[in-house]
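Please open the structure in a viewer and keep the selection panel at hand. The stops below are given in the order in which they may be selected.

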Amino acid sequence: MSPSASSDEEDHNEAPTEAKRSKKGDAAVDDSNVLYHPVKLSRSDLYRPPTAEELNQLKEAESLFHCNLLKMQMEELLKEVALSERRKKLIDSFVQRISDLSWLSGSAKVPFLLLPQVTKGKFHMAPPSSVDPIGSYPLGTCIKPHVVVDLAVTIPANVLHPKDVVNQRYPRKRALYLAGLAQYLASFSDLGPMRYSCLHGNRLRPVLLLIPPGKDSRSSFTVRLHACPPPGFFKPSRFHPLRNNIRTEWYTGLQTSNSEGIEPPTPHYNSSILGDLLPKAHLQFLSAVSSQCPAFADGVALLKVWLRQRELHQGAGCFNGFLASMLLAYLLITHRISNTMTAYQLTRQWMSSTDLTVNGVSVAKDPDSSAPSLAEFHSAFQVVFVDPSGHLNMCADMTACTYKQLQHEASVSMQFWDDPTVDGFYSLLMTPKPMIRTSDHVFQLCELVKLQSSCKKLNLLSELMDHSGDYIHTTLPLILSLLQQGLGQRIQLLTHSLCPDPEWSVSNEPPKYKTQPPISFGLLLRPELATSVLERGPPADSPKAAEFRQLWGSRSELRRFQDGAITEAVLWEGESMCQKRLIPKQIITHVLKLHADIPESCLRYVGATVDDVIKKGSEVPSTGEEESLVVVQAFDDLSRKLWALEDLPLSITSVQGAHPALRYTQVFPPVPLKLDFSYFDREKKSKSLVPSKDKPCPVYITPITVICHMEGSGKWPHDRFAIRHIRAAFHIRMGELLKKHHNYSYKPCPTHLDVWKDGLAFRIQVAYHREPQVLRESLTAEGMLVVRDNEEAQALEMATIHKPLLTSTLHGLQQQNPCFGAVCRLAKRWLAAQLFSDDITEDTADLLVASLFLQPAPFTPPGSPQVGFLRFLCLLSTFDWRNNPLVVNLNNQLTGTDYTEIKNAFMASRESLPVMFIATPKDTKQSMWTKRAPSIQMLQRVMVVAAESLKVLELQLMDGTQIQDVRVVLRPPLDAYDALIHMNTNQVPLLCHAVDPPGVNFKRGVITGNAKASSGVLPVIDYNPVSLYLTELRDAFGDLALFFCDPFGGTVIAVLWKPKAFIKAPFKTSQASARSVEVTGDEAKTFPNVSAILEDFRILGKGLVKSVEAKTEKWSF
């Protein structure tokens, strides 16, 4: 592409190239009729050997990138974020207009918090000495979408005094000068609204924001004016981190009793002023480095995109583009990276740089003798990165936690970039990582004004002076240190939000510190340690015991353990897993109250808020872990007893679970029940229990499916019907043996054997491994054996082979990731509540969640149910289902080559494959789990609802001013449906699991407490009137409508008419059911009789249906 074309790529597409005309006469042809086609190359051009540059590019793509696609993606991204020539011209002309500041006078609102109110000094307004561009724009590293152009307005030397560094005199004069600039620029007619802000949240460094007029001005660019002293006006040695420039007597207004006159150092205040002295020198240094490295600007652009996606690029103590540029320059001048490296190589090397919290680095080659040493910098700051002058720590305001977060993100990114199975470009550069979706637990510190009492409690007067009264950033490092000590090994990483740069109108006073939004903290948990109820300390006679007691206060007590040791220990409350997940909350609340005087009312903990939607139990709430464990233990016991059966004609080769409860993913796992058999009626002949017509529907008993494979033998018949008879005989014999040896109640059926064990119902299905093959075989009329796949064989394979394998695999995944099952339960509860459970089946949902743990890029595997659920909604709403298969690498069996083959096969057969394609190691080509559903329309609906649910939920969790009701994302919008069938609540057996359960409770034949249950009779298993009614509706009216219902206590069935069903069709007597006839002339046509159909709904559900409501017409029953 030519330079002229590329310069306007942001606004215009390049015109196609017109082919050469072969005849002179064609020149007169009208341009509108010209046919454009590719230019044909000569044979010599086609087979021309590649140039040296092309060979280098090919070699680079092969050695550095997983595929050539990643290289092209990088190049396109850089084009996308680069400024176009048109925008550069707009910026240059605007900057030139406002640079003429030859006259200034008057008074205005000063953008500075006067704490204390008065200081010595004189000030007068004068035109600036110069106005110079600084920062990323002149360096060429400024990127879209938020374009900021920095201008350094040099304050004249006669306005300042060399002693202005003391007691905030210079920062106040600087603020006054900006106020004068604002008043002068207010007279410009071609300026938009002006606002003040602070550079990286530092109130000592206010800046003036200028926005060009126009509707799209904010999306265009912002000019940021910095008032700076003349270069070299202040001596850098005055700003040594161990020197004092804020006098205690002036700050407190009290006479000090310090006889020695030793003042505490003010390193943060010093670095704030020193930062104003050096921007031009920094620009010169970076320009020199950039000129030696052609890919420098592109490398910085990639790093800026990467930082922005992780929310590290702006705010107080951020790691912004300037620091990224400086660190890259440091690596270049120390020859850790080469000037000839590409932008991708520069980015990778940057991410593997040193730990600045332990071993700070200096860009200065030959600092003067007055420059502080790295050890002196480390004594004053948590993160040390010294600028080229040798005097300024560019990371002075950064906390160690922020830099640890940067290191963690870089380490994770490197792992994913080196993994050929991960799309590194999309994951690392295109996927945002907000805190609520990155951290396992999040809590907020509200009412920040209470931190003033923390300063007193922690005796932080010197630090408060250093931060010029900013009590938030004074206490933040101490709070982070307390949290690190308290949480210890329970967390991998502690992060915190970066206070946003405040903005306010030039006509207003600057906002107070207390108006800042709450500070958010993120915890990345260690799942194996985070839920421990015991904090075991040192032995009682150890010197460290006193430190332990000092940290934990009254919570610490001596305890004797089974190994005989007597140690200090802290015991936290928590019986069920959902209570144990909140032990970090107990720790945080206790430590902050004890040491920082921060009351619990100031903490807003949102680490497990969403868990409430699957929480059950009043005395000991549970989210299903304990119930699932009981089911798994009962299954293991039954499995052992089945293996021990000896009087069977064939031995058992395997006993496998095929139910979600056995992989910890059942939304509401079955619980052992004691039944009151007097609640039921009995059938006259068999004396079996049946539901009573006059009572509410009995409790729903879930049958837990167990697949029992029998050994192969020549005695097995080769006829499908004979095999079924043999299986039925096995069911009868197994039931008899279980009754004889273990006294289990049972009921054999041709397809299964129901067994009642310990209050749980198990449904045992005998399987013969050759039966699916027998179902595929058939004889033709000529007697030839034909093998043809069919739905019956596929369904049997799914039930007896694939589902048990999936169950055992996901059970293993649960053992590795303790919150996997809870994430599945939350995801499936949302799908069911939004009426999607028939389209995204249980197995499909479990695989979607499994992908979050197996391929978590760019995150780490979820460590809490809430963050896993948020990522599930994000996956559903953002994954490109049209162009990509979702590969779930169970047991890590697939390699990078396998991924490529799956993707190629997928693209080759895309039109014939399911709209949601999920590949697993055992199913790389068919996506058998999503073959039936969802349809393309339902998938689009799921994506839209998931995106909106994610938006609402994240806003609620991060904004305490919102209405706090997470169940709002579980309430489906029913206005989109054509009819609603309302059901009697007493006939809905799972009513207690509804999103908003009614206050009325029905007796459903369950005995509570310690009462003894009746025995000897099998209860009513798998009886759910709602699901049976839904099946009948779909069988009778499936050609006319779609039916949706929440299987977990939903009292409404939503009906959606199929548009094609309402097209008038010629009259046929065989298709006259539920249709009206319309005669026009000699032609009779039929169309659905909606009123009769709605009446049929009511009749079909007599006793269950309360009313039928027509939403699209005025029909109602």
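The tour begins with the whole chain and then proceeds to individual residues.

**The whole chain**

The model is predicted. Colour the chain by secondary structure: 36 helices and 33 strands are present. Of the 1117 residues in the chain, 51% are buried. The exposed area of the chain is about 52600 Å², with 53% of it supplied by carbon and sulfur atoms. Where contacts join residues at least 6 apart in sequence, 71% of them connect residues at least 24 apart.

**Aromatic pairs**

Display the aromatic side chains next; the whole structure contains 28 aromatic pairs. Select Phe443 and Tyr605. The two ring centres are 5.9 Å apart and the planes lie at 5°, so this pair is stacked. Because Phe443 belongs to strand E8 (residues 441–445) and Tyr605 to strand E15 (residues 603–605), the pair ties together parts that are 162 residues apart in sequence. Are these two residues buried or exposed? Phe443 is buried, at a relative accessible area of 1%, and Tyr605 also counts as buried, at 14%.

Move to Tyr471 and Tyr513, an aromatic pair with edge-to-face geometry. The centre-to-centre distance is 5.9 Å, and the angle between the planes is 75°. Tyr471 is found in helix H21 (residues 471–487), whereas Tyr513 is in the loop between strand E10 (503–505) and strand E11 (519–525), so the pair ties together parts that are 42 residues apart in sequence. Tyr471 counts as buried, with 7% relative accessibility; Tyr513 is buried as well, with a relative accessible area of 6%.

Two further aromatic sites merit selection. Tyr170, Phe233, Phe234 and Phe239 together form one aromatic cluster. At Phe561, Arg536 lies over the face of the ring, at 4.1 Å from the ring centre.

**Salt bridges**

Now show the charged side chains; the structure holds 47 salt bridges. Select Glu409 and Lys433, which form a salt bridge whose closest N and O atoms are 2.7 Å apart. Since Glu409 lies in helix H16 (residues 400–417) and Lys433 in the loop between helix H17 (424–429) and helix H18 (435–438), the pair ties together parts that are 24 residues apart in sequence. Both Glu409 and Lys433 are buried.

Continue to Arg720 and Glu792, whose side chains meet in a salt bridge with an N to O distance of 3.6 Å. This pair links distant parts of the chain, 72 residues apart: Arg720 is in helix H27 (residues 720–742) and Glu792 is in helix H29 (residues 791–816). Arg720 counts as partly exposed, at 23% relative accessibility, and Glu792 is partly exposed too, at 37%.

Remain on helix H27 and select Arg733 and Glu736. A salt bridge joins these residues, with the closest N and O atoms 3.4 Å apart. What separation do Glu736 and Arg733 have in helix H27? Because they are 3 residues apart in that helix, about one helical turn separates them. Glu736 is partly exposed, with a relative accessible area of 35%; Arg733 counts as partly exposed at 29%.

**The surroundings of Gln666**

Select Gln666, in the loop between strand E16 (652–657) and strand E17 (681–682). At 9% relative accessibility, Gln666 is counted as buried. Which residues does Gln666 contact, leaving aside its neighbours within four places in sequence? They are His659, Pro660, Ala661, Arg825, Lys828 and Glu842. Add Gly821 to the selection: 155 residues along the chain separate Gln666 from Gly821, and their C-alpha atoms are 7.9 Å apart.

Lys828 and Glu842, both contacts of Gln666, lead to the next selection. A network of salt bridges links Lys828 and Glu842 with Arg663, Lys803, Asp843 and Asp846.

**A nonpolar surface patch**

For the last stop, turn on the molecular surface and select Leu779, Leu785 and Val787. These residues make a nonpolar surface patch of about 320 Å². Val787 is located in strand E24 (residues 785–787).

Notes: Residues numbered from 1 in each chain as written. Predicted model: local features only at pLDDT ≥ 70, side-chain atom pairs only at ≥ 80, totals over all residues. Heavy atoms only, no water. Patch = residues over 30% accessible without salt bridge, like charges linked within 9 Å, V, L, I, M, F, W, Y side chains within 5 Å. Areas by Shrake-Rupley, 256 points an atom, 1.4 Å probe, with all protein chains shown as cover. Salt bridge = Lys/Arg side-chain N within 4 Å of Asp/Glu carboxyl O. Helix = DSSP H or I, 4+ residues; strand = E, 2+ residues; numbered from the N terminus. Phe/Tyr/Trp six-rings, centres within 6.5 Å; stacked < 30°, edge-to-face > 60°. Buried < 20%, exposed > 50% of the residue type's maximum accessible area, 1.4 Å probe, protein only. Lys NZ or Arg CZ within 6 Å of the ring centre and 35° of its normal. Contact = heavy atoms within 4.5 Å.
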